[in-house]
Amino acid sequence: MIRRREPVPFAFVAEADRFRSNVTPPPRERPSAGQLAGRWLLGLTVVAGLVGSLVIGMPALSADQTSPQHQQTQATDGR
């Protein structure tokens, strides 16, 4: 494949990597106490939900100690 070497049609495209702005962005706003409290509350709610689902789900994930074939119900007692 033959590449043609052509000049870049716009000079600013060729010099874009050297461009530095002299305009500084405005300083960041500090979050208010209410916003900080809301973020902490949201984070704690998410963590509590994950821990709660893990605690509730652990019995379903654990292996049973007794096998169901050795258990007898009232219907199989012969009464």
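**Notebook: surface and helix H2**

I looked up the accessible surface of the protein chain, which comes to about 8,800 Å², with 61% of that surface belonging to carbon and sulfur atoms. Areas are from the Shrake-Rupley method with a 1.4 Å probe, and for residues only the protein chains shown count as cover.

The model is predicted: local features need pLDDT of at least 70, side-chain atom pairs count only at pLDDT 80 or more, and totals for chains, interfaces and linings use all residues. Residues are numbered from 1 along each chain as its sequence is written, and side-chain values use heavy atoms, with hydrogens and water left out.

I checked burial next: 0% of the 79 residues count as buried (under 20% relative accessible area; exposed is over 50%, partly exposed in between).

For secondary structure I noted 2 helices and 0 strands (DSSP runs, H or I of at least four residues for helices, E of at least two for strands, numbered from the N terminus).

I then looked at leucine 36, which lies in helix H2, residues 33–61. Leucine 36 is partly exposed because its relative accessible area is 40%.

I compared the length of H2 with expectation (1.5 Å times one less than its number of residues). Its 29 residues should span 42 Å, and the end C-alpha atoms are 41 Å apart, which agrees.

Note on methods:
Buried means under 20% relative accessible area, exposed over 50%, partly exposed in between (1.4 Å probe, protein chains only).
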